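Reader: Please take one position in this structure and look at it closely. Then follow the side-chain contacts elsewhere in the chain, so far as they can be read from the coordinates.

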Amino acid sequence: MASVMVTNDVIDIRFTGWERVWVGRERFAPPLTAVRQAALVDNPLRLARGARRGYVVSGFAKIGVWGLYGGPRQLVAARRAEPGLHLVLDRAATDGEFDEVVLSSLAAPGLVEAITRAMAARA
């Protein structure tokens with residue numbers, strides 16, 4: 001499961017060994033200024049949509065990049081029965097890489113709170 005740490009100015013997401021294969025990176029660290037919305041979701045698997053480059057076990061896990069040919073470009077590491085973190089990003093502020101991040105994390109409620117608090121402090 002990816003680890004997420006919120007610092008003063010970035011959200012540092014680090015992927016596990018086998019997740020790295022499917023997301024094509026070890027780390028993604030969008031600046032807090034790139035976050036337009038942070039939300040807690042009950043079923044993050046439902047958010048991944050569109051053409052993909054990644055790993056899917058129907059109803060259990062989705063890991064990779066979704067939205068390759070249109071729609072929002074999503075970085076996804078989601079699993080069944082785990083709360084999710086859904087970030088809507090300003091794509092230009094992330095070097096044109098992603099519009100959204102969808103992650104499963106048992107710490108998702110606290111992460112949403114920390115990100116929302118950090119966004120409010122910057123406003």
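Author: In this predicted model, S104 has a relative accessible area of 1%. The cut-off for calling a residue buried is under 20%, so S104 counts as buried. The residue belongs to strand β9, which covers residues 100-104. A polar atom of the S104 side chain lies 2.7 Å from the backbone nitrogen of R79. R79 also appears among the contacts of S104, with A77 and A78. Further contacts of S104 are E82, P83 and G84, and the list is completed by M1 and P44. This list leaves out residues up to four places away in sequence.

D12 is another buried residue, and here the side chain is an acid. D12 sits in strand β2 and has a relative accessible area of 11%, so it too falls in the buried class. Setting aside residues up to four places away in sequence, D12 touches S3, V4 and M5, and also R27, F28 and A29. Within its own surroundings in sequence, the D12 side chain makes a polar contact of 3.0 Å with the side chain of R14.

One of the residues touched by D12, R27, is also its salt-bridge partner, with N and O 2.7 Å apart. This pair links distant parts of the chain, with D12 in strand β2 (residues 11-14) and R27 in strand β3 (residues 27-28), 15 residues apart. The two partners fall in separate accessibility classes: D12 is buried at 11%, whereas R27 is partly exposed at 40%.

The salt-bridge count for the model is eight. Another of them joins E97 and R25, whose closest N and O atoms are 2.4 Å apart. E97 is in the loop between β8 (84-89) and β9, while R25 is in the loop between α1 (17-23) and β3, so this bridge ties together parts that are 72 residues apart in sequence. E97 is partly exposed, with 28% relative accessibility.

The loop between β8 and β9 supplies a further acid. D90 and R36 meet through their side chains in a salt bridge, N to O, at 2.8 Å. D90 lies in the loop between β8 and β9 and R36 in strand β4 (residues 35-41), so that distant parts of the chain, 54 residues apart, are linked. Both ends are partly exposed: D90 has a relative accessible area of 26%, and R36 has 48%. Returning to the acid in β2, salt bridges with shared partners join D12, R14 and R27 into one network.

Next come the aromatic side chains. The whole structure holds three aromatic pairs. In one of them, the ring centres of W18 and Y55 are 5.9 Å apart and the ring planes stand at 80 degrees; planes over 60 degrees apart count as edge-to-face, so this pair is edge-to-face. The pair connects distant parts of the chain, since W18 is in helix α1 and Y55 is in strand β5 (residues 52-57), 37 residues apart. Neither ring belongs to a buried residue: W18 is partly exposed at 42%, and Y55 is partly exposed at 29%.

W22 extends this group, because ring pairs link W18, W22 and Y55 into a cluster. W22 is located in helix α1 and is partly exposed, with 33% relative accessibility. W18 and W22, together with V21, also form a nonpolar patch on the surface, with about 320 Å² of accessible area between them. W18 and W22 therefore take part both in the ring cluster and in the surface patch.

A last stop is G50, in the loop between β4 and β5. G50 is partly exposed, at 49% relative accessibility. Beyond its neighbours within four places in sequence, G50 is in contact with W66 and G67. Its C-alpha is 27 Å from that of A107, a residue 57 places away in sequence.

Technical notes. Residues numbered from 1 in each chain as written. Predicted model: local features only at pLDDT ≥ 70, side-chain atom pairs only at ≥ 80, totals over all residues. Heavy atoms only, no water. Helix = DSSP H or I, 4+ residues; strand = E, 2+ residues; numbered from the N terminus. Buried < 20%, exposed > 50% of the residue type's maximum accessible area, 1.4 Å probe, protein only. Polar contact = N/O pair within 3.5 Å; in protein donor to acceptor, adjacent residues only side chain to side chain. Contact = heavy atoms within 4.5 Å. Salt bridge = Lys/Arg side-chain N within 4 Å of Asp/Glu carboxyl O. Phe/Tyr/Trp six-rings, centres within 6.5 Å; stacked < 30°, edge-to-face > 60°. Patch = residues over 30% accessible without salt bridge, like charges linked within 9 Å, V, L, I, M, F, W, Y side chains within 5 Å. Areas by Shrake-Rupley, 256 points an atom, 1.4 Å probe, with all protein chains shown as cover.
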